[in-house]
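Subject: A structure to look through

Hi,

Here is the structure I promised to pass on. Have a look at it first, and then read my notes underneath.

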Amino acid sequence: MTIKYLFLLPLMLICAQAISQTKQLQAVKTSQPPKIDGSLDDPAWQSAVVATEFIQNFPQTGQPASAKTEVRILYDNNAIYIGAKMFDKPDLIRKQITSRDGEAKADADYFSVFFDTYKDGQNGFQFLVTPSNVQTDAKMAANQQLDYGEYGDKTWEAVWQSKTSIVEDGWIAEIRVPYISLRFAKKEVQEWGLQFLRFMRRNNESSFWNFVDPNVNGFVNQFGVLGNIVDVQPPLRLSFSPYLSGGVNISPYGNSQKTEWLKSGGVDLKYGINESFTLDASIIPDFGQVVSDNVVNNLTPYEIRFAENRPFFTEGTELFAKAGLFYSRRIGGTPQKFRTVQRFASPSSDYEIIENPAVTNLYNALKFSGRNKNKLGIAVLNAIAQKEYAVVRNKTTGRDSTIVTEPLTNYNVFVLDQAMKNRSYITFTNTNVLREGIEKDANVSALDFSFFDKKNIFNTRGAVRYSKVAGTGGYDGYSSFLRMGKVSGKIQYFVQNTIETDKYDPNDLGILQANNEVTYTGKASYNQNKPKGKFLTYIYSVSANYGLLYKPYVYTHLRLNADGFWVFRNFWDVRLSLGSLPRGEHDYFVLNTPGRFVKRPAWSYASLEGSSDSRKKLFVSYKFLQGYFHDDREHDYHLLSMGMRYRFSNKISMEISAKEEIETEYIVYVARQSNGQPLVAFVDFTDITSIFSGIYNFNSRTNLTMRVRHNWSKVLYNRIANVTAAGEPVTNNNLSYLILGLNQNENFFNLDAFFTWDFRLGSRLVLGWKNFLGSQESVNGYENFDYFSNLGKLLGLRHGNEVTLRFIYFLDYNQLKRKR
């Protein structure tokens, strides 16, 4: 036994030394750049220094990688080149073809390179490639909320080259990243943060060149160093992406249908003002080809937040989003009076709609962003939305009337972000909205900060924000946030306070569902990131959240939570959560009456969720939540969701998911009486959403995707109630007649299908088809009581259809110059 330990001791010492030291790699400048062909036979590669000895991050944290990897780096005045060889048996290499940025949970190995070009330990770039030559790129920044296995914002898309090949002893990835896709300060000698990642799907092994410890807070701060980048003279960074798009939208309207021809053209421009700063401009932007929103029947008093799918507002916006004040859907959204016109000129009225644009068009939009050699990030976003008009026609006289539905508006975001030592930063953000005429204007300013100690164990971060709305009845307010805690190690914890005054309002360019709140939060967790017993990793956490109204300073809620998360050795995972509102909730928002609230009952819940081994062809995920109401036996709540994905081959996979949410005796706002007192109702609601999606990948550059979503919401009104000054709802049988006609049976249906062909670097052809339920179509809820009868009926109703074709062509000034 002693001899065995003596034999292992040198290996353990070598591993410990490799883990504790920051690795360095010297770049080599070449006058003859390698050809990007998936081969490392070019003479230039022989002069490059080899990076090897990768260390596992998961599942065997801290152990040497189970397979050898060798990486080389070269550079010239135009680009940086990466050549990587992943040693393996060819028949063990997983090579499913996915869409761009779609390698997560796919049956695919991959190699990734990361650059921290300012070496600030916070910001960086990722370039990833799979054996099938599918590309992923992402931008990394502080405070990003990411899923497991993701390292940056994948909505950012750069133009770069890659080529892969399978060889007898593994696979090769060759990458060329032009400087037009990077940002760095101008220095005679560059030193960047550098990291390599290899992922092997068959054993879910993630191994890094420079060890990444899951018990250490942060990712970019755990990079190695790339040195000896000398006298780089980057080319002029200027590119154009002109586009043309056209199509037709045919929608049911009244007893007939309305046909709208869609046509647009414009150009996106990127100009590198210097090596650090870039101007992105979109002239006459077109945002037609995006996935439909997940519309729901909203019973709450809070605004629904929709995902952003428009490339201009998702790519490279990490600085704008850092303070959480920028909700890009405000720009180019639905005109403010769009639905007012719809109600005014309904098919049963004396007016018909001739024109009522559902989207606010933009004259232009531009972004300026970058970071100088002193690590100061500067970002400016500006967009001008045109004035929108609706035209309605009197059916009797034939006269047309014009209604302004959205004024001419200028949106602006300005950010200064100073990166400091030890991953600390200070950020100033200002958002500004200016509208034409007497319409209101809005301005919000914020100062955010985050400070880490030298050992990266403790963190203090916070923010102060001030908002001002100008115009008739203008007002101002502020909010603050402060968190202190231990962020590294097995045991982590924090305490936090948030204040939002009753007049704080960032919603003209941001989104805040409710203000006038004060909350105190505390959380502690135990993180076991190395295999132990039956588990590869597990986390236990407890938290408490105590809420009050800001004005008046009174109780709103107390939430207690306990959570356990386990990953088994067979790569199944499970999460068990227990929670409670032991004192119930004083809801001050549902009544929309200052100082008034309604009591919601005390309740507790248990939630179980998890997923199977995603390496398998069949992948299943689930969640079940059951509520228990302490003093109200008639009240019930449960949520059930299931998801299933099946991979038919390396080219085709399909997914189906369903979610059911049911609550009885839920309290909603109904109306206001003549004396100004609010009325509420007790309702039983059922909400079911099903989504079917699939993808067929012809190759790494061409795919066909489809997504079908149906949401059914049934709301049955049981009784009407007054609300006492103490928040107690009291049933009023004299108002039971108000229930008539209030029951709801809502169906939302969307089909989105896109054929995408990336026919050359940065250039794309997209053919899209959308099918949707007509806005005036409905299913009779008294005859159709369940989900499937509603689905069957809506398929027989009138649907709208939209077919579009979009052509984008990427032009790089340097390529045009060389050809000329």
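Let's begin with a pair of strands: E21 and strand E22 (residues 400-406) run antiparallel and are joined by six bridges. Strands here (E, at least two residues) and helices (H or I, at least four) are DSSP runs, numbered from the N terminus, and two strands pair if DSSP finds at least two bridges between them. Before going further, you should know that this is a predicted model, where local features need pLDDT of at least 70 and side-chain atom pairs count only at pLDDT 80 or more, while totals for chains, interfaces and linings use all residues. Residues are numbered from 1 along each chain as its sequence is written, and side-chain values use heavy atoms, with hydrogens and water left out.

Back to E21 and its partners. Val391 sits opposite Thr402 in E22. The two strands make a hairpin with five residues between them, and Gly398 in that turn has a positive phi of about 80°. E21 also pairs with strand E18 (residues 351-355), again antiparallel, through four bridges, and there Ile353 stands opposite Val392. Why is E21 largely enclosed by the rest of the structure? Because five of its seven residues (388-394) are buried, where buried means under 20% relative accessible area, exposed over 50%, and partly exposed in between (1.4 Å probe, protein chains only).

Next, take a look at strand E25 (residues 441-452). Ala442, Val444, Ala446, Asp448, Ser450 and Phe452 point to one face and are buried, while Asp441, Asn443, Ser445, Leu447, Phe449 and Phe451 point to the other and are not. That fits a general pattern: in a regular strand the side chains alternate between the two faces of the sheet. E25 has antiparallel partners too: nine bridges tie it to strand E24 (residues 425-435), and twelve to strand E26 (residues 458-470). Phe428 is opposite Leu447, and Ser450 has Arg461 in E26 as its bridge partner. Both pairs are hairpins: E24 and E25 have five residues between them, with Gly437 in the turn at a positive phi of about 75°, and E25 and E26 also have five, with Asn456 in the turn at about 60°.

How about a single residue? Asp137 lies in strand E9 (residues 135-140) and is buried, with a relative accessible area of 0%. Leaving aside neighbours within four places in sequence, Asp137 is in contact (heavy atoms within 4.5 Å) with ten residues' worth of company that you can look up, including Arg100, Lys154 and Trp156.Now for the empty space. The second largest pocket holds about 550 Å³, and Asn515, Asn516, Tyr588, Phe589 and Asn592 lie nearest its centre. On a 1 Å grid over the protein atoms alone, a cavity is a set of points where a 1.4 Å probe fits but cannot get out, and a pocket is an open set with protein on both sides within 12 Å along at least five of seven lines; lining residues have an atom within 4 Å of a point. Grid points are joined across faces, edges and corners, and a volume is the space filled by probe spheres set on the points.

Last, confidence: the chain averages a pLDDT (the predictor's confidence in each residue, from 0 to 100) of 91, and 97% of the residues score at least 70.

Cheers
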